[in-house]
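Biologist: I'm new to this one. Could you walk me through a few spots in it?

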Amino acid sequence: MVTIFWVLALALVDVSVARIRVNTVENGGIDGLSTDEYDTMRLECDMRRLMLQKAKTLQPWRDPSPIFDALQLHTLCQDAKPVGSIGRSSVPLPPAAVETGASGEVLEIFVSATEGDDAEGDGSEGRPFASVRRALDASRAVRGSGSGSRFGFIEIILHSGIYYISSTLTLSPADSNLRIRNFPGEHPWISGGIPIPTNRTWLPSAFHGPQSDVWELDLSGSGIEDIESLFSLSPHKRLTRARFPNANVETDQWGYASLYRNRFSIPGEGVQEWTKSSLRGDVGEFIEIDLRDPENPSGSVKNDSTMINYNIWGVGRGGACASVWGDNESYWCSNISDGGWAEVDQEMAVKGMVQIPVGLTFYEDYVPPTSNLSLGQRWNDIDLTGGIIHAWHSQSWATHMFRLSSSNKNNLSFTKGSGGQGGRNWCRCDQCGYAASWCKENDTRLIGGSWYIENVIQELDSPHEWFFDKVAQTLYLKRGNESRISPEVPPNFPQLIAGSLDTILTIEGTQGNPVVNFSLVGIGIRDTSPTYMREFEWAAPSGGDWAMRKGGAITFKGAEGGGVFGCKFVRVDGNAVFLQDYTRDIWIYGSDFEWVGESAVATWGSTIKYDSTGGEQPRGSVFDRNYIHDVGLYEKQSSAWGQAKAALSIISRNIIFNLPRAGINLNDMLGGGNMIFHNLIWNTCRESGDHGPINTWDRMPFLSNIRSRILQRIQPYNTLFDWWMSRKKDTINFEPWIDWRILSSDIADMGSGEIKVPSFVPQVTEIFSNFIFANYGGSQGVDNDDGSSWYSIHRNVFYAADGFKMDYGGHDSKFFQNLIIVVPYDGQNCFNVGSFFPEHAHVFINNTCVSGVSSMTIPSGCGSVACVEEFPEKSSKISSDGEIQEIFPNLVPDYEPVSSPGQLRVGFEGPNMNIVGSAESCNQKIPGSFISNRNCYFSPNANVTLKCGDRMFSISEAQRMLNFELGSTGGFLPNPEKIVLWARRMLP
């Protein structure tokens with residue numbers, strides 16, 4: 001039956017291929033345009049306009065103005081800004097958000113923050129309660145009473161207002177069939193904060209002096225023991241903890257390639273040395289299971305990756321790693337970690353060392369770009385203990401935070417357990433010296449990137465900066481734009497909220513006794529505390545680069561059905577929603593995630609070593625029609641959707657922009673079966689490198705029964721499908737979905753859901769019909785990084801992106817029917833793949849790749865082709881032969897938009913865009929060679945060239961000599977109108 005599945009699937013692919021070829025090649029033609037003649041800005045602006053149009057279609061109820069601004073359509077393209085606001089009240093809710101799914105009556109309990117009374121109210125509409133906790137107690141009392149059996153479902157209905165939660169609300173299985181929702185047309189908020197008392201008097205700061213305009217408030221006896229985040233009530237804004245250099249974390253980027261990073265952080269060359277740990281020979285415990293061995297305990301064999309260690313399951317724990325990541329297991333503390341720069345982590349593990357710094361020494365005479373004082377003048381006479389350093393990983397993969405345990409002039413020491421927010425070690429100069437221009441010969445210093453310091457009272461010098469003295473229980477705040485009568489009369493500060501809880505609501509059961517059918521509908525969540533300094537709570541969940549901390553403002557663990565619908569998460573400083581261990585069919589739908597400290601949604605399941613068949617993972621999750629921007633404000637290794645140890649996720653119809661790293665990240669391929677489609681993604685990877693808008697890893701193998709069963713629970717798929725198909729105003733083309741649904745159901749029926757033979761082969765993950773800009777150096781639209789396998793990537797439009805990537809042992813993926821528009825970046829262009837075992841090669845078929853639609857490379861840190869007009873020192877000239885033509889002098893990084901759209905000037909040396917692809921082996925007579933056929937390539941002078949091994953071939957040579965690229969063609973660059981037309985036809 002499985003064989004029949006793949007035969008049918010391939011047959012359906014071929015039908016689609018023929019159709020797409022008509023839409024591209026036959027309507028394409030060869031226009032004879034070279035790179036130097038190309039109107040790049042016209043293409044850039046038209047693609048941005050198309051993104052805006054698709055956003056309006058995808059989420060028509062939404063105000064398009066923020067999307068317009070994020071696409072820079074006014075500053076780059078001189079388009080007029082949209083007038084008026086559509087509003088968000090008309091977001092259509094799926095049946096799961098409005099139906100009860102339970103028998104019996106529905107009990108409604110009303111709550112009003114302004115008119116309610118917990119003591120005298122009874123929860124009726126006329127006599128509402130005042131708090132969510134009181135309403136929850138009432139619902140439990142009803143269920144525990146003799147009349148409780150009447151009610152099959154309970155709704156707690158919140159009127160407008162702000163509901164403060166003093167301690168985390170925890171729902172148990174006894175709270176099943178419960179919904180907390182907004183009163184129709186109203187907008188209630190639940191806050192994880194504590195209001196700062198208004199009945200106390202602000203006094204001029206004795207520490208800073210009367211001319212500083214800093215004020216202090218005594219909070220002793222208020223119940224507020226610590227403040228890690230501070231917000232204003234209305235308008236809702238974030239205030240900044242005292243720091244140097246000054247910056248607004250919501251708007252100011254300080255990544256390794258960010259154009260203004262030196263305004264908001266201290267360059268790495270300001271550090272004389274990041275202090276290495278003194279631990280040596282403290283080797284932890286290694287667990288290693290070679291899955292190639294037919295006698296291995298799993299009962300299944302894995303030997304499909306050319307990276308041998310990806311066929312081995314292994315972790316390490318304890319030893320030197322425990323000084324940073326506690327007693328958590330980690331792939332990066334094992335003796336078999338492999339892939340990009342993994343030799344650093346493996347060396348540390350086997351030597352019983354760790355390369356996360358335990359302190360730093362700064363150059364006393366170093367003068368940061370934002371200061372007239374040297375670091376020594378600034379800090380040598382200050383006790384910085386309690387301050388927090390934020391620093392970029394050596395290769396810009398994550399930010400690490402370190403609490404200062406002591407300071408002695410220019411020597412700073414970190415507390416134990418600091419720095420675990422990233423999953424991997426830092427590099428030394430002798431390991432990756434290219435990452436730091438200041439490295440010297442025989443240099444063994446650790447490399448750190450840009451950094452800043454916060455939580456220092458002496459750095460409280462910018463409007464609305466604050467500092468909290470835990471010992472004196474005193475809050476300090478510098479006046480902003482509040483009116484000032486005299487130095488002695490306090491400003492009229494707004495009502496302030498101190499972030500108190502990192503988790504507002506936990507829905508917690510077990511696989512055997514889950515919480516069933518709990519939903520949060522139409523509720524705003526705000527004001528939670530940051531979690532980046534929770535030492536020893538961060539760990540690597542699997543074989544991806546990321547570390548995570550378990551938990552979110554809303555946490556589901558041991559739950560089935562329900563979810564989050566039409567909610568807003570604004571200024572929550574950890575993860576917004578977290579799915580942990582056993583969850584099934586949890587929806588996150590139609591919700592907004594804005595200015596979030598970590599990820600919008602993250603998952604982390606559990607396994608017994610390599611074995612996931614026990615089912616303790618999130619499965620069948622639906623992340624649909626959400627609006628996500630400006631997340632990862634603190635921990636940059638964050639995403640709109642960050643998945644670890646989960647399967648069968650649906651990630652669809654989301655609008656994702658303005659992120660420091662990937663928009664969607666899959667940390668592993670446990671079980672697979674994910675579907676990622678109809679998403680709009682741009683402005684990702686804005687502050688980090690070596691990543692993509694959709695990023696994947698698959699270094700750790702996991703035993704799963706999902707492929708053999710196809711779907712453990714197909715109910716959410718059918719619900720989602722039936723709901724979409726019943727809404728006639730939806731114009732989405734569901735042909736790929738229909739094919740998948742029919743075939744999946746057929747195979748699921750063959751065993752009536754019974755478990756078949758578990759396997760290390762996951763179900764294929766489908767990525768289709770997405771529209772993605774890979775600007776800011778996002779590399780490929782889908783960055784299939786180390787070990788990534790079993791992907792089907794089709795019908796996507798990738799702009800400013802390289803095409804298909806496989807390095808470090810990936811295999812068994814298919815990339816077809818995609819439109820790739822390559823703005824010169826790093827020369828990977830249409831495809832770049834490694835080696836494969838026989839029967840496991842990747843397939844690249846019927847794609848249209850336009851290589852080189854700009855005369856300038858677009859480097860990391862640049863969000864558009866216009867960027868290089870102001871920063872030519874960051875770019876390079878594209879010529880037909882790749883020769884250097886000219887070098888421009890460096891410019892001060894002070895970017896202003898170009899005055900009008902038009903052609904970009906010709907600049908520097910760059911990758912040869914006529915070389916459209918590279919593979920280790922293309923010869924189809926050699927088993928395991930990369931398979932590529934029926935593709936259309938367009939390049940600057942139509943001299944389309946393929947690199948196979950260390951040789952170059954034209955298309956005709958590859959066809960004749962290698963039996964490679966059969967049916968493929970090449971031509972000059974099509975004009976911008978034609979490319980945009982192809983994109984329109986490709987997208988739903």
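Modeller: Sure, ask away, and keep in mind that this is a predicted model.

Biologist: Let's start with Thr306. Is Thr306 buried, partly exposed or exposed?

Modeller: Thr306 sits in the loop between β14 (285-290) and β15 (312-317). Its relative accessibility is 25%. Buried would need under 20% and exposed over 50%, so Thr306 counts as partly exposed.

Biologist: And which residue offers a backbone oxygen 3.5 Å from a polar atom of the Thr306 side chain?

Modeller: Look far along the chain: Thr306 and Gly834 are 528 residues apart in sequence, yet 9.2 Å apart in space, C-alpha to C-alpha. Leaving out residues up to four places away in sequence, Thr306 touches Gly809, Ser835, Phe836 and Phe837. The backbone oxygen at 3.5 Å from a polar atom of the Thr306 side chain belongs to Ser835.

Biologist: Now the sheet with seven strands. Which strands are at its edges?

Modeller: The sheet is open, with antiparallel pairing, and its order runs β12-β20-β17-β18-β19-β16-β13. An edge strand here pairs on one side only. That gives β12 (243-244) and β13 (271-275).

Biologist: Staying in that sheet, which residue in β18 stands opposite Ile389?

Modeller: Strand β17 covers residues 388-392 and strand β18 covers residues 399-408. The two pair in the antiparallel sense over five bridges. Opposite Ile389, in β18, stands Phe402.

Biologist: On to the backbone. What is the omega of the cis peptide bond that joins Phe244 and Pro245?

Modeller: Most peptide bonds are trans, so a cis one is worth a look. Pro245 is in the loop between β12 and α6 (261-264). The cis bond from Phe244 to Pro245 has an omega of about -10 degrees.

Biologist: Where is Pro235, which follows Ser234 across a cis peptide bond?

Modeller: For the bond from Ser234 to Pro235, omega is near -5 degrees, and the bond is cis. As for its place, Pro235 is in the loop between β10 (230-232) and β11 (237-241).

Biologist: Last one: is Glu839, with its positive phi, buried or exposed?

Modeller: Most residues other than glycine have a negative phi. Glu839 has a phi near 70 degrees, and its place is in the loop between β53 (831-833) and β54 (843-845). Its relative accessible area is 74%. The cut-off for exposed is over 50%, so Glu839 is exposed.

Technical notes
Residues numbered from 1 in each chain as written. Predicted model: local features only at pLDDT ≥ 70, side-chain atom pairs only at ≥ 80, totals over all residues. Heavy atoms only, no water. Helix = DSSP H or I, 4+ residues; strand = E, 2+ residues; numbered from the N terminus. Buried < 20%, exposed > 50% of the residue type's maximum accessible area, 1.4 Å probe, protein only. Contact = heavy atoms within 4.5 Å. Polar contact = N/O pair within 3.5 Å; in protein donor to acceptor, adjacent residues only side chain to side chain. Pairing = 2+ DSSP bridges.
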